[in-house]
Amino acid sequence: GSLTARQAAAEALLVGSAAANQYSAPAGLLELREEVSRLYARLYPGDAYDPASEVVICTSGQESLNAALRACVSEQVSRGGRDGVIVFEPYFPFTQGALDNAPAVMQPVRTHAPGFAIDAAALRAAVTPRTGTVLLNSPHNPTGHVASEAELAAVAEVCVEHDLLAVSDEVYEHAVFGEGCRHRRLCDVPGMRGRTITVSSAGKLFSLTGWRVAWALAPARLATAVASAHTNLTYSAPTPLQAGIAAALREEDGSFGGVAQLFGANFELLATALREHRGLTVCDAQGGYFLVADAGVPDIDFVRSLAAECGVVCTPMSVFYADQDQSESCTLVRFTICKSREHIQRACAALAGRRGRRERVAGTLEM
């Protein structure tokens, strides 16, 4: 994790003012909100979020997602009972809990291996009179798909046509590694700035996931609603850790410690091992923290057999779908690439049947 962030947080904890260890304002430390605004102005020139009214600091990306969905659903329900939220499958499993908390009804739209691209026709067909919000995640968990300009345009077209709001979960924005690929924001598509809440995470950006500091960017009326939801959820993020993140953002040049390059190389190493030693079909990915592969057999069976045979543990993809029928037929599995190079190399050796004595004694390699 960021040394600058850790040193600044330690200073706030040990030698900072008394206020540094008390609640911050619910919307977050102003210095952090200002640094978030400056970061995005540098990364995405042409637009800036007002730190006083359009940036809300939350306690984790998960809480940001909960607060953002609650804000959107509340507004849409008040305007006509539209509590439906379009979610692209497969999806982050905690999404269902966030929808329950909103409360909202999931309207899933399936994407398919190996590319997991958004089908514009399927998206359009999913819209009903109940639909009020679209939830987008790019780079995507679990598939690693990065939404293209055309896909974002399709989402925007549907949102504008049906007056939908959007929550754009972009916590992996710094981890795009596909050749010629870059992260694009939904809020930058014409017509979307005033209807999109963008969520990101300092824990992901600086490899400090235990800190649980994140933010939401939104037009003022939606940011106010996010702040209200956040206040009722956790009130404020940890104050000294906010100070640490502000210091790290102040120094950040946009490279984020070379994480994208590390994860891209990890993806290629692991993909090669899975193809050559286990015969898996690896799905395309352009970013994020994960690799999805087709095992050709039921996912649960493969996960159990792989762990037993070589100690490498992966996740069955059936847990990322709403449709229970998918759980019975899914042959996809997810591996993690947000690990050290040494960890990935050890996993590749295990997949090839070359586990050393230490690995055999230690048991499993969680991927």
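## A helix across the strands

Helix 6 (residues 149-162) lies across strand 2 (84-89), strand 4 and strand 5, running at about 165° to strand 4. Here contact means heavy atoms within 4.5 Å. Axes are lines fitted to C-alpha atoms, for helices over the stretch in contact, and angles run from 0 to 180 degrees between N-to-C directions. Helices (H or I, at least four residues) and strands (E, at least two) are DSSP runs, numbered from the N terminus.

This is a predicted model, where local features need pLDDT of at least 70, side-chain atom pairs count only at pLDDT 80 or more, and totals for chains, interfaces and linings use all residues. Residues are numbered from 1 along each chain as its sequence is written, and side-chain values use heavy atoms, leaving out hydrogens and water.

## The sheet itself

So what order do the seven strands of the open sheet take? It's 1-7-6-5-4-2-3, with mixed pairing. Strand 1 (55-58) and strand 3 (105-110) stand at the edges with a single partner strand each, so one side of each has no neighbour in the sheet. On average, neighbouring strands are turned by 25° against each other, direction ignored.

## Who pairs with whom

Two strands pair if DSSP finds at least two bridges between them. Strand 4 (residues 131-137) and strand 5 (residues 165-169) do this in the parallel sense over five bridges, with Leu136 standing opposite Ser168 in strand 5.

Strand 2 and strand 3 are also a parallel pair, over six bridges, and Val87 has Pro108 in strand 3 as its bridge partner.
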